Amino acid sequence: MQNRAEDLIKRAAIDSVDSKYAIALTGAGISTESGIPDFRGPDGIWTRHPEAEREAYEHYGELLRDPEAHWEKILEPDSIFSEFDKFGEYAPNPGHYALARLEKLGILKSTITQNADGLHQKAGSRNVIEYHGSMAKLRCMSCGSRFDRKAFDLEELKGEGQLPPRCEKCNGVLKYDGVYFREPIPSDVAHLSLEEAWKCDLMLICGTSAVVYPFASLPRTARQRRIEKERQTETGLYAVEDIQAVTIIEANADLTPLTYEKISGYLIQGRTGNVLPHIVEEVERIMVR
Ligand code: APR
Ligand code: ZN
């Protein structure tokens, strides 16, 4: 690994060990090494199928207008939702395990992910906030209750003309818990994530193009936070300095708007499955000293 990346990895390890409340933000890029394509990378789903992206923007409106027709459509064998149903077959990669290890070491307090694939939890991460929901769950559009997707035989419901699936608590319409384009982020995860962005002093952003909002506003919220820090001047007197409260680090294959706009302090350019385990190695080297 070239020197620059090595230097930045050492820096990220030191920053992580020095942090009091570090969190991770992740996107589809962390799961590509598990075999799940991302969306906007060179081999991304939307990059390869722009029409599918256009269609995805219509899903929420269709669901609101006619839930039965929407469910009929997404249960079609060639629907993109059949891809999401296969998420359970994928395994975490070293990038996921590295974040789970940082949590176990007490450094990472939470992982806020845009991924609906459940791979962080499979790797052992405990405090995971699924900002864009989970494709392994259904959610009630009325009371917000979530249910295991496996508890529903959707094909049978379709066969019996019983779509859309209904909430056993309030009889509301159920949808996939995965958040659709144009759908508001469920308030519970939105509040939790904002609290974490306000609490953290280090944000490690992994495998996201950082172009989808409101998730992409979390680093910007953190970036605005300032704290006063005392430092001793040459004269020996103490001066109070107004400094940035949060160290923001990107680990990503490409530069993002966070890099260009200097929202992040530095970018470690590379594959998360390579960069993150190296950070863990360095962290463990520092911690045993
Ligand atoms: N390591 C590091 N970075 C990677 C890797 C990898 N192994 N593989 C891909 N990347 C980078 C890509 O270069 C790209 O910059 O990860 C980024 C993935 O960006 P997107 O595909 O836009 O995914 P994401 O940011 O998670 O998308 C946000 O958009 O389509 C919606 O709901 C969907 O949650 C998703 C949201
Ligand atoms: Zn309900």
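Colleague: How many cavities of 30 Å³ or more does a search of the whole structure find?
Modeller: This is a predicted model. A search across the whole structure turns up a single cavity of 30 Å³ or more. The number found is 1.

Colleague: What volume does the largest cavity have?
Modeller: The lining of the largest cavity includes Leu25, Ile205 and Thr208. Among the other lining residues are Phe215, Pro219 and Leu258. The volume of this cavity is about 30 Å³.

Colleague: How many residues of the lining of the largest cavity are nonpolar, polar and charged?
Modeller: Ala210 and Ala216 belong to the lining too. Ala counts as nonpolar, as do Leu, Ile, Phe and Pro. The lining divides into 7 nonpolar, 1 polar and no charged.

Colleague: Which element gives the largest share of the largest nonpolar core?
Modeller: The core has 25 residues. Those touching the most other members are Leu99, Leu102, Leu204, Ile249, Ile268, Leu276 and Ile279. Elements giving two or more residues include helix H1 (3–18), strand S1 (22–26), helix H7 (94–104) and helix H13 (272–288). The largest share is 6 residues, and it comes from H13.

Colleague: Which residues does Leu99 touch, not counting residues up to four places away in sequence?
Modeller: Leu99 is one of the core residues that touch the most other members. Two of its contacts, Leu204 and Leu276, are also on that list. With near sequence neighbours left out, Leu99 touches Ala24, Thr26, Ile30, Leu108, His120, Ser125, Leu204 and Leu276.

Colleague: How many residues are in the second, separate core?
Modeller: In soluble globular proteins, nonpolar side chains tend to be buried together. Here a second core stands separate, and Leu63, Trp71, Phe81 and Tyr176 are among its members. Its count of residues is 23.

Colleague: How many residues apart in sequence are the parts that Glu33 and Arg271 tie together?
Modeller: Glu33 and Arg271 form a salt bridge, with the closest N and O atoms 3.9 Å apart. Glu33 is in the loop between S1 and helix H2 (45–48), while Arg271 is in the loop between S11 and H13. The pair therefore ties together parts whose separation in sequence is 238 residues.

Colleague: Is Arg271 buried or exposed?
Modeller: Its partner Glu33 has a relative accessible area of 27% and is partly exposed. For Arg271 the relative accessibility is 55%. Over 50% counts as exposed, so Arg271 is exposed.

Colleague: Which residue forms a salt bridge with Asp43?
Modeller: Asp43 is exposed, at 52% relative accessibility. Its partner is partly exposed, at 40%. The closest N and O atoms are 3.5 Å apart, and the partner is Arg48.

Colleague: Is Glu196 buried or exposed?
Modeller: Glu196 meets Lys199 in a salt bridge (3.3 Å, N to O). The two are 3 residues apart in helix H10 (residues 187–199), so about one helical turn separates them. Lys199 is partly exposed at 46%. Glu196 has a relative accessible area of 5%, which is under the 20% limit, so Glu196 is buried.

Colleague: Which residues do salt bridges that share partners join into one network?
Modeller: The count of salt bridges comes to 17. Some share partners and join residues into one network. Its members are Arg139, Arg146, Lys175, Asp177, Glu183 and Asp188.

Colleague: What separates the C-alpha atoms of Asp66 and Pro164?
Modeller: Asp66 sits in the loop between helix H4 (59–65) and helix H5 (67–74). Asp66 is partly exposed, with a relative accessible area of 37%. Asp66 and Pro164 are 98 residues apart along the chain, and their C-alpha atoms are separated by 9.3 Å.

Note on methods: Residues are numbered from 1 along each chain as its sequence is written. Chains are lettered from A and ligands numbered from 1 in the order in which they are written. This is a predicted model: local features need pLDDT of at least 70, side-chain atom pairs count only at pLDDT 80 or more; totals for chains, interfaces and linings use all residues. Side-chain values use heavy atoms; hydrogens and water are left out. On a 1 Å grid over the protein atoms alone, a cavity is a set of points where a 1.4 Å probe fits but cannot get out, and a pocket is an open set with protein on both sides within 12 Å along at least five of seven lines; lining residues have an atom within 4 Å of a point. Grid points are joined across faces, edges and corners, and a volume is the space filled by probe spheres set on the points. A nonpolar core is a set of buried Ala, Val, Leu, Ile, Met, Phe, Trp, Tyr and Cys residues joined through side-chain atoms within 4.5 Å. Buried means under 20% relative accessible area, exposed over 50%, partly exposed in between (1.4 Å probe, protein chains only). Helices (H or I, at least four residues) and strands (E, at least two) are DSSP runs, numbered from the N terminus. Contact means heavy atoms within 4.5 Å. A salt bridge is a side-chain nitrogen of Lys or Arg within 4 Å of a carboxyl oxygen of Asp or Glu.
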